[in-house]
Amino acid sequence: MTDTAVTVEGLTKVFPVPFHRQSITAVHDLNLRVEPGEVYGLLGPNGSGKSTTLKIILGLISPTRGRTQIFGRDSSLVESREAVGFLPENPYFYKFLTGEETLRFFGKLCRLNGARLKSRVHELLKLVGLTNARHQRLGTYSKGMLQRIGLAQALINEPKLVVLDEPTAGVDPAGSRDIRNLIVDLKRRGITVLLSSHLLTQVQEICDRVGILARGVLVREGRLQELVAIENWSELVLENASEALLKEIEKLAANSNAKLIERRRSTTTLERLFLDATTDRSNK
Amino acid sequence: MSDAAASAVRHRAFSPARIFAITTNTLTELTRQKVFNVILIFGLLLIGSSLFMARFSFQQEFQILKDVSLGVMSILSSLLAIVATARLIPQDIEDRTIYTILAKPVPRFEYLLGKLFGVLLLLAISIALMSALFVAVLYLREQAVLNETLRQVSRPPGEQLDAALNAVRVAGLKIDILAGIAVIFFKACLLAALTLFVSTFATTNIFAIIVMVSVYFIGHLQATAREYWLEQQSAGWIAHVFLAIVALIFPDLQAFNLVDEVVAGVAIPLALFAKTALLGLFYIAIYTLAATFVFYGKEL
């Protein structure tokens, strides 16, 4: 059966403002579909309706109009969350629990027990790289570690859909890279990922499709490569090219109808530079 | 179908295992926040009052010991029920922990029941520990007084000695004390259920605590006020309806005050005990239902 992972149809959410006549429309007539196995990014500035949309999909708040479904089941039904894992924005969890206890608690909520729960907890602690910190209370975890234990709890019930609200917000570049690697790993394992973010460059590498929300309205949607491609521009990246060769290529371009817009030395990203520098230091 | 989906546990509309997971987690949360320290306060008060009472006769001593212990136990367990419950839901919302829990296949009523049972378990353990401490102190004092009586009346006529020993036993440890303690537990459970209801619409735990402290005082005073009002000739059906509503919103906490009978050594009739227990259960059920109703409509 190949049900659409997430279906949102005509979704509108209006929040009344107490003691005022006007109300706030957080999401307006939103339609979107997330196909099984893809990584879908819901992008937009703060207050654009991303988190509200995710909360409605998860049944945490009810829509004013429209409907949402997860694998063909209405989001308002508890059983629709059977195959879902969710990581909210900046989660705190229970500070008094250790990493392992946290995963055991969430596993029990999904009615896992005994040897199966134990092996699942160990497997996930290893996956998110927190095996050594498993007996530490979450109160002592860094933000990146909290995000990783959050991702682990979202995966405890072996979900088919993982919903991540701003998964890399407030996490340092190394932590953010770890989370993105984990998302890529989920996709490789066939798990559908729906994430929201306003950190565009970070999601650019991992999303198959994106939808851009502005003031509760979906203003753009499509495959990432198609959306960001500049139709009549091409890039050629060369290694060890001599000055003569480059001049030859420029001459060829000038003789054709093409126009050379820019010639520059390739640069690394600031993030890669940061990661290389900090990783080298920690390895010494 | 993927392996993951194939191995997923099938959903159940009602799962005691899920409720138990939330119950034990709530108990762990409260325990690790050192709420059991109230028992330390109880112990210190008990020891302090025992030292103070050494100068009284044994009848006065036992009476004061019972009065102070049961009174303090009642106040501490009520306070514990309100303070421990008031923070549970607002804190989970503030920390967003509630999102991760309810984004799992957990029905909202199971979440509420798990939280409530966690507090009730905490109250049961706390009251059991306080009772054990109180009963142990009372028993030891009773034995000490019995030995003292035997020593003082060195060559007694048999009847006189029996009467003296009996007087000590009557004033000392009696089974009715347990009934009195059980009623203190019912009252604390009722307050926990009502606090849970208030916390489903309260935005902060301070608000819930303030509301509940008001309810606590009104609940203790309303029976007296009602009796006074109904004695007035002008009390018509409107007054009766109004008083019934007040009695539902503000539980009649005076009905759960059987400490005076216990202290006075008066036996608590079984019928009165059963009636009080049923009243407690009725209130708990009503407040839990109301909490569930409000919580289902809550936008998280």
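The largest nonpolar core here has 146 residues, and the members that touch the most others are L195(A), M73(B), Y111(B) and F134(B). Helix α9 of chain B, residues 176-201, gives the most to this core, with 14 residues. Keep in mind that you're looking at a predicted model. Beyond the core, there's an open four-stranded sheet in chain A and a set of 23 salt bridges over all chains.

**Inside the core**

- M73(B) is a good place to start looking: setting aside neighbours within four places in sequence, M73(B) is in contact with F42(B), I127(B), M130(B), S131(B), F134(B), I181(B) and I184(B).
- One of those contacts, F134(B), is also among the core members that touch the most others.

**The sheet in chain A**

- Going across the sheet, the strand order is β2-β1-β4-β5, and the pairing is antiparallel.
- β2 (23-34) and β5 (73-74) of chain A each have a single partner strand, so they stand at the edges with one side left without a neighbour in the sheet.
- Helix α1 of chain A, residues 50-57, packs on the sheet and touches β1, β2 and β4 of chain A. The direction of α1 makes about 115° with that of β1(A).

**How the strands pair up**

- β1(A) and β2(A) are joined over eight bridges in the antiparallel sense. In this pairing, F15(A) sits opposite I24(A) in β2(A).
- The hairpin of β1(A) and β2(A) has six residues between the strands, and F19(A) takes a positive phi near 65° there.
- On to the next pair: β1 (residues 6-16) and β4 (residues 65-70) of chain A run antiparallel and are joined by five bridges. T7(A) has Q69(A) as its bridge partner in β4(A), while E9(A) is partnered with R67(A).
- β4(A) and β5(A) also run antiparallel, with two bridges between them. Here I70(A) has R73(A) in β5(A) as its bridge partner.
- These last two strands, β4(A) and β5(A), make a hairpin with two residues between them, and F71(A) in the turn has a positive phi of about 45°.

**Salt bridges**

- Side chains of opposite charge can pair when their charged atoms come close.
- K13(A) and E299(B) meet through their side chains at 2.3 Å, N to O. This pair crosses between chains, running from strand β1 of chain A to the segment after α13 (270-296) of chain B.
- Are K13(A) and E299(B) buried or exposed? K13(A) is buried, because its relative accessible area is 3%, under the 20% cut-off. E299(B) is partly exposed at 36%.
- In chain B, E110(B) forms a salt bridge with R18(B), with the closest N and O atoms 2.5 Å apart. The pair links distant parts of the chain, helix α7 (residues 108-152) and helix α2 (residues 16-32), 92 residues apart. Both E110(B) and R18(B) are buried.
- R264(A) and E262(A) also meet in a salt bridge, at 3.2 Å from N to O. R264(A) is exposed at 60% relative accessibility, and E262(A) is exposed too, at 52%.
- Chain B has a network of salt bridges as well, linking E29(B), R87(B), D92(B) and K115(B).

**Cysteines**

- How many disulfides does the structure hold over all chains? The count is zero.
- C110(A) is buried at 9% relative accessible area, and C189(B) counts as buried at 4%.

Methods. Residues numbered from 1 in each chain as written. Chains lettered and ligands numbered in written order. Predicted model: local features only at pLDDT ≥ 70, side-chain atom pairs only at ≥ 80, totals over all residues. Heavy atoms only, no water. Pairing = 2+ DSSP bridges. Contact = heavy atoms within 4.5 Å. Axes fitted to C-alpha atoms, helices over the stretch in contact; angles between N-to-C directions. Core = buried A, V, L, I, M, F, W, Y, C linked by side-chain atoms within 4.5 Å. Buried < 20%, exposed > 50% of the residue type's maximum accessible area, 1.4 Å probe, protein only. Disulfide = S-S within 2.5 Å. Salt bridge = Lys/Arg side-chain N within 4 Å of Asp/Glu carboxyl O.
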